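Work through the exercises below with the sequence and the model side by side. Each task is followed by its solution.

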Amino acid sequence: MLSVYELLTKIVRLRVEGAEHVPPSGPLLLASNHLSVTDSTFLPMALARKVIFMAKAEYFSGQGPGGRLVSWFMSRDGQVAVDRDDTRAAVRSLDACLGVLLRGEAFGIYPEGTRSPDGRLYRGRTGVAWLALKSGAPVVPVAMSGTDRVLPPGRVVPRPARVSVVFGKPVQLSAIASDPESAQERRAATDMVMAAIAELSGQDYVPRYAR
């Protein structure tokens, strides 16, 4: 019997572009758009190195076939759980994410903070800039597409679709920001990252947070 991972590799036609922009070792911050819970599976499939993600805590305790599948996606690679309803817990989770980068590992983050409700790209939350400025890790923008067709919300069984993962050139945040404690600089750096993602993905940008 095929595992979920083996099933996905058989039904998905994965296209990868720009992999040469991804450092093969050392700390790395991958900032991606977010269309599906499967993003955290397909993005690492496009690389030759392990990627750790932050994910909302509810993903780790799902019930029923669909919930258990999502839990498998989230827990198989050591993702960092975050309770978005608890501000202090969310801050502690960012510290854990920083630890991943300081250990020289690759960390994937979805600056929108949640899946896009309509396929557009929403305003980024400034945790991505805090992590980048605090760690000094290069920030590589990522554009995912097709993952929302593999496992749309409410669907339990993955279906065939073409998935594309595009990596862009590292975003040069040092030109506009250097202080992770400055809210103004974090905002400017985050907007710069989101602009790079939008250019790669071709998504319409919405200047407000997704709900």
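Helices here are DSSP runs of H or I with at least four residues, and strands are runs of E with at least two, both numbered from the N terminus. The model is a predicted one.

**Exercise 1.** State how many helices and strands the protein has, and what share of its residues is buried.

Step 1. By that definition, the protein has seven helices and nine strands.
Step 2. A residue is buried when its relative accessible area is under 20%. Of the 211 residues, 49% fall in this class.
Step 3. The surface can be described too: about 10,100 Å² is exposed, and carbon and sulfur atoms supply 51% of that area.

**Exercise 2.** Describe the largest nonpolar core and find the elements that supply at least two residues each.

Step 1. This core has 27 residues, and L29, F107 and L131 touch the most other members.
Step 2. The elements that each give at least two residues are β2 (28-32), α4 (87-102), β5 (106-109), α5 (127-135) and α7 (183-201).
Step 3. Take L131 and leave aside its neighbours within four places in sequence. Its contacts are then L29, L94, C97, L98, L101, F107, I109 and G136.
Step 4. A separate core of 21 residues lies apart from the largest one; V22, Y110, M144 and V165 are among its members.

**Exercise 3.** Decide whether α5 is largely enclosed or largely open, and give the reason.

Step 1. List the buried residues of α5: G127, V128, A129, W130, L131, A132 and L133.
Step 2. These are seven of the nine residues of α5, so the helix is largely enclosed by the rest of the structure.
Step 3. Look just past the end of α5, where G136 has a positive phi of about 80°.

**Exercise 4.** Classify the aromatic pair and say which parts of the protein it ties together.

Step 1. There is one aromatic pair in the structure. In general, a pair of aromatic rings is described by the distance of the centres and the angle of the planes.
Step 2. For F53 and Y110 the ring centres are 5.7 Å apart and the planes meet at 10°. Planes under 30 degrees apart count as stacked, so this pair is stacked.
Step 3. F53 belongs to strand β3 (residues 51-56), while Y110 is in the loop between β5 and β6 (121-122); the pair therefore ties together parts 57 residues apart in sequence.
Step 4. F53 has 0% relative accessibility and so counts as buried. Y110, at 9%, counts as buried as well.

**Exercise 5.** Find the ring over which the charged end of R125 sits.

Solution. The ring is that of Y209, with the charged end of R125 4.2 Å from its centre.

Conventions. Residues numbered from 1 in each chain as written. Predicted model: local features only at pLDDT ≥ 70, side-chain atom pairs only at ≥ 80, totals over all residues. Heavy atoms only, no water. Core = buried A, V, L, I, M, F, W, Y, C linked by side-chain atoms within 4.5 Å. Buried < 20%, exposed > 50% of the residue type's maximum accessible area, 1.4 Å probe, protein only. Contact = heavy atoms within 4.5 Å. Phe/Tyr/Trp six-rings, centres within 6.5 Å; stacked < 30°, edge-to-face > 60°. Lys NZ or Arg CZ within 6 Å of the ring centre and 35° of its normal. Areas by Shrake-Rupley, 256 points an atom, 1.4 Å probe, with all protein chains shown as cover.
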